[in-house]
Amino acid sequence: MAELDAAQSLAVKRAEVEFHNFASLGEPERAMRVYAEENERRGAVIRNHVAFMGELSPFLEIGANAGHTSYYLANVYNADGFALDISADSLRHGIALQEKWGYSRAPVRLAGDALHLPFADNSMRLVMAFQMLSQFMNIEAVFLEVKRVLAPGGIFFFAEEPMRRKLTARLYRCPYYENMKPWERKLSDWGLLGYLVRDVIGAHQEESFGIKQNHTFELKDWHDLIRKHFADHEYELFIPRRGWGETSVASVARAFDKLKSDWTGARLLGGTLAAICKKGGDKVIPSFDPEHFERALKCPDCGNRVSRTADDAIVCANCKFDTPNEGGVYNLLSTQLRAELYPGDRDDIADFSLPGHEALLRDGWCELEGVYGNKYRWIGAQASLVLKRVKDGPQQLRIRGLAVDKWFASAATPPAISVRVNGQLIGNWPIERTGVFILEAPVPESDEYRIEIDAAPTFIAPDDDRVMSVNISMVRLQPQE
């Protein structure tokens, strides 16, 4: 258990719930466009390897976010299976995708943990994972759990995982293109920025939420891990070819590669890997009845079989685990983990997407804005709130907010945020870029915390008489880890 917990900490799991809610619900139009683009890319890989993959039911997608690729598989290939993500709210957003895209079929949606999959041994024919393995410090721990639930001859299909490049100074982690500084965009357009920064897939934004990234694997490391656990495989390598700075190197590397492939280019320039891995043993297609999908599941608390009640709850007769169908999603996280990740309105959390946060606010907050998953309040030069301790042990404060272009344009000095807790300064943070930011710092021992947030400079937007600086979407206490 300790080894699995070390593979991904509780703090990272909390951050993933936050990030997936924000990504799926906070920017719904952008998310819908991104999900459609991802399905197009992933669908192309499936078509290229479908003969090797074979039967696609029953399937399980882990780290599914809104489940968009599971919806694709269910409707384009008439496959049956499950979409699992640690964010129940993100999965609930899947119904909007289904309506938008005119899909008639849906996967079974489960909130769950990839390190403790609530599935019986040998119960799945196909397991899929996209852009999620690199969020685990011990990637092999996920491989072992995937292997456990795959039937003999089953397929593990993962894609969009980063391959570490050799040709880079790894000076710093770069954000998405739209948040780059002008000189970074120019170098990116020329294909030169990759030689300076750590090669990532949007990791700056995820890391701003506190999601630790494991970008230590080169192509050889992925290859060695796959050969260790799977009997056969097929790959697709996607190496960067931005501007003349990367296209020229990619062309030369291919020319010198023994097989005239992208293998050498991937080792030099990195990129992303798609792998279709086949479990050893004679092929078995697990029996699966979509009307009785619970037969493939196991209790997340005790590991025994579960059943479904007349009112569509999933229950365990052995340990009394019980989870209802909430908006089409069953929460199959362990009871302990569910309590940590889904605390609801609580005195130590001001989550602006939950109505109870208002009772915790004091001075300096503007009216509530935004959409579910990304509700926020602007502040001016200062705002305050009061949180109370709920958990034992040393605590740290976590603040999530957004810095916009206008804040930087109005700055005679570099923008910064400072925070006082019960009159004591706990941190002063310069903010260097637009976009989401996370501030974290230990707080002194107390039963109650008055938190004062100071931000400078301030600005007044056109057609708006409010004095503003940044907006805040969550302030919470959490145990130090």
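Helices here are DSSP runs of H or I of at least four residues, numbered from the N terminus. The model treated in these exercises is predicted.

**Exercise 1. Helix α8 and the residue after it**

Task: Determine which residues of helix α8 are buried, how they are arranged around the axis, and which residue just after α8 takes a positive phi.

Solution.
Step 1. Helix α8 spans residues 182-190, and Glu-184, Leu-187 and Ser-188 are buried in it. The cut-off for this label is a relative accessible area under 20%.
Step 2. Viewed down the axis of α8, the buried residues fall within an arc of 105°, so they line one face of the helix.
Step 3. A general rule helps in reading this pattern: an α-helix has 3.6 residues a turn, so residues three or four places apart point the same way.
Step 4. Just after α8 comes Gly-191, whose phi is positive, at about 80°.

**Exercise 2. The open sheet of nine strands**

Task: Give the strand order of the nine-stranded open sheet, identify its edge strands, and describe the setting of β4.

Solution.
Step 1. The order is β6-β7-β5-β4-β1-β2-β3-β12-β11, with mixed pairing.
Step 2. At the edges are β6 (232-238) and β11 (325-326), each of which pairs on one side only.
Step 3. Edge strand β11 pairs with β12 (residues 329-331) in the antiparallel sense over two bridges. Within this pairing, Asn-325 has Tyr-330 of β12 as its bridge partner.
Step 4. Strand β4 (residues 124-130) is joined to β1 (residues 59-62) by four bridges, and the two run parallel. Leu-60 has Val-127 of β4 as its bridge partner.
Step 5. Strand β4 also pairs with β5 (residues 150-163), in the parallel sense and over six bridges. Here Met-128 stands opposite Phe-157 in β5.
Step 6. Seven of the seven residues of β4 are buried, so this strand is largely enclosed by the rest of the structure.

**Exercise 3. The open sheet of three strands**

Task: Establish the order of strands in the sheet that contains β8, β9 and β10, and explain why β8 and β10 each have one side without a neighbour in the sheet.

Solution.
Step 1. The three strands form an open sheet in the order β8-β9-β10, with antiparallel pairing.
Step 2. Strands β8 (307-308) and β10 (322-323) stand at the edges with a single partner strand each, so one side of each is left without a neighbour in the sheet.
Step 3. Two bridges join β8 to β9 (residues 314-315). Across this pair, Arg-308 stands opposite Ile-314 in β9.

**Exercise 4. Strand β17 and the second largest pocket**

Task: Identify the strands to which β17 is joined by eight bridges, and state what lines the second largest pocket.

Solution.
Step 1. Eight bridges join β17 to β22, and the two strands run antiparallel. Leu-397 stands opposite Leu-477 in β22.
Step 2. Eight bridges also join β17 to β20, again antiparallel. Arg-398 stands opposite Glu-440 in β20.
Step 3. Eight of the nine residues of β17 are buried, so the strand is largely enclosed by the rest of the structure.
Step 4. The second largest pocket has a volume of about 860 Å³. It is lined by 33 residues, of which Ser-208, Thr-434, Gly-435, Val-436 and Phe-437 are the closest to its centre.
Step 5. The elements that give two or more residues to this lining are α9 (203-208), β15 (374-378), β17 (395-403), β19 (424-430), β20 (435-442) and β22 (471-479). The largest share, six residues, comes from β20.
Step 6. By type, the lining divides into 13 nonpolar, 11 polar and nine charged residues.

**Exercise 5. Two residues in their surroundings**

Task: State whether Ser-87 is buried or exposed, and classify Lys-406 by its relative accessibility.

Solution.
Step 1. Ser-87 is found in the loop between β2 (81-85) and α5 (88-92). Its relative accessible area is 0%, so Ser-87 is buried.
Step 2. Apart from neighbours within four places in sequence, Ser-87 is in contact with Val-17, His-20, Asn-21 and Tyr-342.
Step 3. Lys-406 lies in helix α14 (residues 405-409). Partly exposed covers the range between under 20% and over 50%; Lys-406, at 46% relative accessibility, therefore counts as partly exposed.
Step 4. Apart from neighbours within four places in sequence, Lys-406 is in contact with Phe-459, Ala-461 and Pro-462. Thr-458 is 52 residues from Lys-406 in sequence, and the two are 9.2 Å apart in space, C-alpha to C-alpha.

Methods
Residues are numbered from 1 along each chain as its sequence is written. This is a predicted model: local features need pLDDT of at least 70, side-chain atom pairs count only at pLDDT 80 or more; totals for chains, interfaces and linings use all residues. Side-chain values use heavy atoms; hydrogens and water are left out. Two strands pair if DSSP finds at least two bridges between them. Buried means under 20% relative accessible area, exposed over 50%, partly exposed in between (1.4 Å probe, protein chains only). Contact means heavy atoms within 4.5 Å. On a 1 Å grid over the protein atoms alone, a cavity is a set of points where a 1.4 Å probe fits but cannot get out, and a pocket is an open set with protein on both sides within 12 Å along at least five of seven lines; lining residues have an atom within 4 Å of a point. Grid points are joined across faces, edges and corners, and a volume is the space filled by probe spheres set on the points. Ala, Val, Leu, Ile, Met, Phe, Trp, Tyr, Cys and Pro count as nonpolar, Asp, Glu, Lys and Arg as charged, and the others, Gly among them, as polar. The arc is that of the directions from the helix axis to the C-beta atoms.
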